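Here is a short tour of one protein chain, written for someone who likes to think about side chains. Have a look at the fold, then read on.

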Amino acid sequence: MHIRGDHAELVVEGRLDVRSAADARTVLHSAVDDGAGDLVLDLTGLDSWDATGLGVIMGAHRRAGRCGRRLVLRGVPAQMQRLLVATRLHRILAIEGGIEAESLPRV
C-alpha cells in the first residue's frame, strides 16, 4: 500500500489490509489533524481492502468529524462500492458522486 498527498487530498494505492492498516492509520490521522475543510481520499488505485482497512477508513471518518472536517471518498472501485452498500456504510460516508446501489453488478 502506498499513500501520497497532503492534508487536503490523499491518493491510496495497492491493498489496504491488516498488514498496512497501522501505516495507513498514521498517515490519515496526521492528514486529518493538520488540515481544514474536506479531506478527499482518492481510492482509484486501491486494489482491495479487508475489514481492517475498512475500519481504518471509518476511524478516519470519525476523527475528521471530531475535528470539524469531512472525509470524502473519491473513485471507489465497484467491488468496494458493493461492500459499502452491503454494510450500509454508503449512507454514512461521503462518497463523491454517490453510489447507485441498483446499478452495481451482482456477484
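A salt bridge here is a side-chain nitrogen of Lys or Arg within 4 Å of a carboxyl oxygen of Asp or Glu. Keep that cut-off in mind, as this is a predicted model and Arg69 makes a good place to begin: Arg69 is buried yet has no salt bridge, with Asp38, the nearest side chain of opposite charge, 7.0 Å away.

**Arg69 and its surroundings**
- Arg69 sits in the loop that runs between helix H2 (51-66) and strand E4 (70-74).
- What does the side chain of Arg69 reach at 2.8 Å? That partner is the backbone oxygen of Ala31.
- A polar atom of the Arg69 side chain also lies 3.5 Å from the backbone oxygen of Ala36.
- Leaving aside residues up to four places away in sequence, Arg69 touches several others, including His7, Val32, Gly35, Leu39 and Ala64.

**Salt bridges**
- The structure holds seven salt bridges.
- Arg63 and Asp33 join their side chains in one of them, at 2.7 Å from N to O. This pair links distant parts of the chain, with Arg63 in helix H2 and Asp33 in helix H1 (residues 21-34), 30 residues apart.
- Arg63 counts as partly exposed at 23% relative accessibility, and Asp33 is partly exposed at 41%.
- Asp38 does have a salt bridge, with the side chain of Arg70 (2.8 Å, N to O). Here too distant parts of the chain are linked: Arg70 is in strand E4 and Asp38 in strand E3, 32 residues apart.
- Both partners are partly exposed, Arg70 at 44% relative accessible area and Asp38 at 36%.
- Glu9, Arg74 and Glu96 are joined into one network by salt bridges that share partners.
- Asp17 and Arg19 also meet in a salt bridge, at 3.0 Å from N to O. Asp17 is buried, at 5% relative accessible area, whereas Arg19 is exposed, at 66%.

**Helix H3 and its two sides**
- Met80, Gln81 and Leu84 are buried in helix H3 (residues 78-86). Viewed down the axis of H3, the buried residues fall within an arc of 105°, so they line one face of the helix.
- These buried residues pack against strand E3 (38-49), H2, E4 and strand E5 (94-95).
- The face of H3 turned away from the buried side carries Gln79 and Ala86, which are exposed.
- After H3 comes Arg88, with a positive phi near 65°.

**The E1–E2 hairpin**
- Strands E1 (residues 2-5) and E2 (residues 9-16) pair in the antiparallel sense over four bridges.
- Three residues form the hairpin connection from E1 to E2, and Gly5 has Leu10 in E2 as its bridge partner.

Key
Residues numbered from 1 in each chain as written. Predicted model: local features only at pLDDT ≥ 70, side-chain atom pairs only at ≥ 80, totals over all residues. Heavy atoms only, no water. Buried < 20%, exposed > 50% of the residue type's maximum accessible area, 1.4 Å probe, protein only. Lys, Arg positive; Asp, Glu negative; His and termini not counted. Polar contact = N/O pair within 3.5 Å; in protein donor to acceptor, adjacent residues only side chain to side chain. Contact = heavy atoms within 4.5 Å. Arc of directions from axis to C-beta. Pairing = 2+ DSSP bridges.
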